[in-house]
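Visitor: Please take me through a single part of this model, its largest pocket. Then show me what lies elsewhere on the side chains.

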Amino acid sequence: MNNKKNNHYSIKLNEIELKDGMSSNRSITFEFDNHDNILDLIEQVKARELFETPEETTEFILGLKLFSEVMLRNREHSLFEEFRPAFGEFMKKLKGKK
C-alpha cells in the first residue's frame, strides 16, 4: 500500500536560444513533490480552453503549481504575508468556486 502524500516529479529545463540570438547549451534538472497530479491538472485546464494555446496552459499550470507548493511549505514566511489572501481568492476563482 502506498502511503505517499505527494506525487514526485522531475523537470529538465534546457536553454535553447537567448533573446540576443546566442545559442546556449545550459540546462537545469530538478526533482520536486506536489500534492496534486500536475499532468492531470494540465489536461483538465486545457479542456477548459482558458488560454489561446495548449502550451500556455502547460506554462501556467506548471508555474502555478511550482510556486504554490513552495508558498504552502513556507506559509509563515513574511514574503507571502500580503500575497497569501489574494492568492487564496485567485485559486477559488480558478477552481470555479467563486
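**The largest pocket and the side chains**

Guide: Helix α2 gives the largest share of the lining of the largest pocket, six residues. Keep in mind that this is a predicted model. The space in the largest pocket comes to about 410 Å³. Its lining counts 19 residues, and D36, L64, K65, M91 and K95 are the closest to the centre. Three elements give two or more residues each to this lining: α1 (38-48), α2 (54-73) and α3 (83-94). By residue class, the lining splits into nine nonpolar, six charged and four polar.

Now the salt bridges. The structure has four of them. Take the pair in α1. K46 and E43 meet through their side chains, with 3.7 Å from N to O. That is within the 4 Å cut-off for a salt bridge. The two residues sit three apart in helix α1, so about one helical turn separates them. K46 has a relative accessible area of 28%, so it ranks as partly exposed. E43 is also partly exposed, at 48%.

Helix α3 holds another pair. E89 and K92 form a salt bridge, and their closest N and O atoms lie 3.5 Å apart. Here too the spacing is three residues in the helix, so the two are separated by about one helical turn. E89 is partly exposed, with 32% relative accessibility. K92 is partly exposed as well, at 41%.

Next, a salt bridge outside the helices. E15 pairs with R26, and the closest N and O atoms are 3.0 Å apart. Both residues belong to the loop between β1 and β2 (27-34), eleven residues apart, and the pair links distant parts of the chain. E15 is partly exposed at 23% relative accessibility. R26 reaches 57%, so it counts as exposed; the cut-off for that class is over 50%.

Last, a nonpolar patch on the surface. L13, I28 and F30 make it, and its area is about 280 Å². L13 sits in strand β1, which covers residues 7-14. The relative accessible area of L13 is 54%, so this residue is exposed. Patch residues need over 30% relative accessible area, and L13 at 54% meets that cut-off.

To recap the pocket: about 410 Å³ of space, with α2 as the main contributor at six lining residues.

Terms used
Residues are numbered from 1 along each chain as its sequence is written. This is a predicted model: local features need pLDDT of at least 70, side-chain atom pairs count only at pLDDT 80 or more; totals for chains, interfaces and linings use all residues. Side-chain values use heavy atoms; hydrogens and water are left out. On a 1 Å grid over the protein atoms alone, a cavity is a set of points where a 1.4 Å probe fits but cannot get out, and a pocket is an open set with protein on both sides within 12 Å along at least five of seven lines; lining residues have an atom within 4 Å of a point. Grid points are joined across faces, edges and corners, and a volume is the space filled by probe spheres set on the points. Helices (H or I, at least four residues) and strands (E, at least two) are DSSP runs, numbered from the N terminus. Ala, Val, Leu, Ile, Met, Phe, Trp, Tyr, Cys and Pro count as nonpolar, Asp, Glu, Lys and Arg as charged, and the others, Gly among them, as polar. Patches are made of residues with over 30% relative accessible area and no salt bridge: like charges are joined within 9 Å, nonpolar side chains (Val, Leu, Ile, Met, Phe, Trp, Tyr) within 5 Å. Accessible areas come from the Shrake-Rupley method with a 1.4 Å probe; for residues, only the protein chains shown count as cover. Buried means under 20% relative accessible area, exposed over 50%, partly exposed in between (1.4 Å probe, protein chains only).
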